[in-house]
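Me: I'm new to this one and would like to go through it slowly. Can you take my questions as they come?

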Amino acid sequence: MFFFTRYPSSTLLKTYFPDVQFNRCITSQLIKWFSNFREFYYIQMEKFARQAILEEVTDSNHLMVSRDSELFRALNMHYNKGNDFEVPDRFLEVASRTLREFFSAVRTGKDSDPSWKKPIYKIISKLDSDIPDVFKSSSCLQELLQS
DNA sequence: GGGTAGCCTG
DNA sequence: CAGGCTACCC
């Protein structure tokens, strides 16, 4: 699901697991998962953005996350270990956008500001897509639990 | 006060 | 990932 939405609300999550009896614990756990997912995501982004800068990449337009990139492999291994489904193109677009945002922020020295990531988070949070209805099943939660 | 986001830690 | 803590908002 993370490939579609990085910032799901609790109400959204609830609608996707209709057969789960949500209580305070389960809800907060799901929210926490996505928080952890985001942390990993952004850490990878920053890591590869800084790496690109060290490699003296100057053209951020050439900075993108393709299916054969190392960054993609890292993300896919984390969110889609068993290659249970195909990663949507939209996610690659969002990931590429994120990478460029980190790249230009670091390159222009904005990372000296303690809260320099906030603006990036805000941009990315607006790029969530609708989740396909296929995910509206309990089996999805099982997969989520396993990953 | 409960629900979250963000950050840190193990 | 989970736990714990701070800070913000409704």
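Me: What is the mean pLDDT of chain A?
Reply: This is a predicted model, and the mean pLDDT of chain A is 89, with 93% of its residues reaching 70 or more.

Me: And where in chain A is confidence lowest, and where is it highest?
Reply: Confidence is lowest in helix H6, residues 138–146, where the mean is 58, while helix H4, residues 89–107, has the highest, at 95.

Me: Let's move to the DNA. Which residues surround strand B?
Reply: DNA strand B is surrounded by Ser10, Arg24, Ile31, Lys32, Glu39, Lys118 and Tyr121. Of the atoms of DNA strand B that come within 4 Å of the protein, 67% belong to sugar and phosphate.

Me: How do those residues divide into nonpolar, polar and charged?
Reply: The surface near DNA strand B is made up of four charged residues, two nonpolar ones and one polar one.

Me: Which helix gives the most to that surface?
Reply: Helix H2 gives the most, with four residues. Helix H2 spans 24–54, and both this helix and helix H5, which spans 118–125, supply at least two residues each to the surface near DNA strand B.

Me: Which polar side-chain atoms lie by a phosphate oxygen of the strand?
Reply: Serine 10 has a polar side-chain atom 2.3 Å from a phosphate oxygen of DNA strand B, and arginine 24 has one at 3.3 Å from a phosphate oxygen of DNA strand B.

Me: What about lysine 32, what part of the strand is its side chain 3.2 Å from?
Reply: In the case of lysine 32, an N or O atom of the side chain is 3.2 Å from a base nitrogen of DNA strand B.

Me: Changing topic: is serine 96 buried or exposed?
Reply: Serine 96, which is found in helix H4, counts as buried because its relative accessibility is 5%, and the cut-off for buried is under 20%.

Me: What does its side chain lie 2.7 Å from?
Reply: A polar atom of the serine 96 side chain lies 2.7 Å from the backbone oxygen of leucine 92. If neighbours within four places in sequence are left aside, serine 96 is in contact with Leu63, Met64 and Val65.

Me: And serine 104, where is that found?
Reply: Serine 104 is also found in helix H4, but serine 104 is partly exposed, with a relative accessible area of 25%.

Me: How far apart are serine 104 and serine 9?
Reply: Serine 104 and serine 9 are separated by 95 residues in sequence, and by 29 Å in space from C-alpha to C-alpha.

Terms used: Residues numbered from 1 in each chain as written. Chains lettered and ligands numbered in written order. Predicted model: local features only at pLDDT ≥ 70, side-chain atom pairs only at ≥ 80, totals over all residues. Heavy atoms only, no water. pLDDT = per-residue confidence, 0-100. Near = heavy atom within 4 Å. Polar contact = N/O pair within 3.5 Å; in protein donor to acceptor, adjacent residues only side chain to side chain. Nonpolar A, V, L, I, M, F, W, Y, C, P; charged D, E, K, R; others polar. Buried < 20%, exposed > 50% of the residue type's maximum accessible area, 1.4 Å probe, protein only. Contact = heavy atoms within 4.5 Å.
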